[in-house]
Amino acid sequence: MVRVLLTPAAKADLVDAVAWYDARAPEIAPQFLETVRAGLPRIAENPKQFPPSAFQTRRALLRRFPYLVIFRERGDAAYVVAIFHTSRDPRVWRQRTT
């Protein structure tokens, strides 16, 4: 099992997404946060189960929400570099990985 650590940018993504849901559908915001929290242990258990993506990252699609958790494996840790809505321009998160 690896440790899953969120980068400051990924933490900001999470805060922004929760705020977006909270402003539009307050009853959904806690469900979104719980879905993210439930997805992180899946990454910790077996990061290789998720498909490889650009820039030596992997991506885990959240259940019920159109978000990707984009992470990079380094030693005994998986660093989440973005929590990203699937309709956004991927160049935004790719800048974080170069």
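Here are three short exercises, each with a worked solution, on the predicted model shown above.

**Exercise 1. Work out the order of the strands in the sheet, and find which strands stand at its edges.**

Step 1. Start with strand β5, residues 77-85. It pairs with β1 (residues 3-6) in the parallel sense, over four bridges. You can find this pairing at L6, which stands opposite V80 in β5.

Step 2. Now look at β4, residues 67-74, which pairs with β5 in the antiparallel sense over eight bridges. Here R74 stands opposite A77. The hairpin of β4 and β5 has two residues between the strands, and G75 takes a positive phi near 60 degrees.

Step 3. Move on to β3, residues 57-61. Four bridges join β3 to β4, and the two run antiparallel. R59 stands opposite I70 in β4.

Step 4. Put the pieces together: the five strands form an open sheet in the order β1-β5-β4-β3-β2, with mixed pairing. β1 and β2 (52-53) each have a single partner strand, so they stand at the edges and one side of each is left without a neighbour in the sheet.

Step 5. Finally, check how covered β5 is: seven of its nine residues are buried.

**Exercise 2. Compare the length of helix α1 with its expected span, then decide how its buried residues are arranged.**

Step 1. Helix α1 has 17 residues; at 1.5 Å a residue they should span 24 Å. The end C-alpha atoms are 25 Å apart, which agrees.

Step 2. List the buried residues of α1: A10, D13, L14, A17 and Y21. Seen down the helix axis, the buried residues fall within an arc of 95 degrees, so they line one face of α1. A general rule helps here: an α-helix has 3.6 residues a turn, so residues three or four places apart point the same way.

Step 3. Turn to the face away from the buried side. That face carries the exposed residues P8, V15, D16 and A23.

**Exercise 3. Describe the largest pocket: its space, its lining and the elements that contribute to it.**

Step 1. About 170 Å³ of space lies in the largest pocket.

Step 2. Its lining is made of D13, D16, A17, W20, Y67, I83, F84, H85 and R88. The elements that give two or more residues to this lining are α1 (8-24) and β5. The most comes from α1, with four residues.

Step 3. Sort the lining by character: five residues are nonpolar, one is polar and three are charged.

Note on methods: Residues are numbered from 1 along each chain as its sequence is written. This is a predicted model: local features need pLDDT of at least 70, side-chain atom pairs count only at pLDDT 80 or more; totals for chains, interfaces and linings use all residues. Side-chain values use heavy atoms; hydrogens and water are left out. Buried means under 20% relative accessible area, exposed over 50%, partly exposed in between (1.4 Å probe, protein chains only). Two strands pair if DSSP finds at least two bridges between them. On a 1 Å grid over the protein atoms alone, a cavity is a set of points where a 1.4 Å probe fits but cannot get out, and a pocket is an open set with protein on both sides within 12 Å along at least five of seven lines; lining residues have an atom within 4 Å of a point. Grid points are joined across faces, edges and corners, and a volume is the space filled by probe spheres set on the points. Ala, Val, Leu, Ile, Met, Phe, Trp, Tyr, Cys and Pro count as nonpolar, Asp, Glu, Lys and Arg as charged, and the others, Gly among them, as polar. The expected span of a helix is 1.5 Å times one less than its number of residues. The arc is that of the directions from the helix axis to the C-beta atoms.
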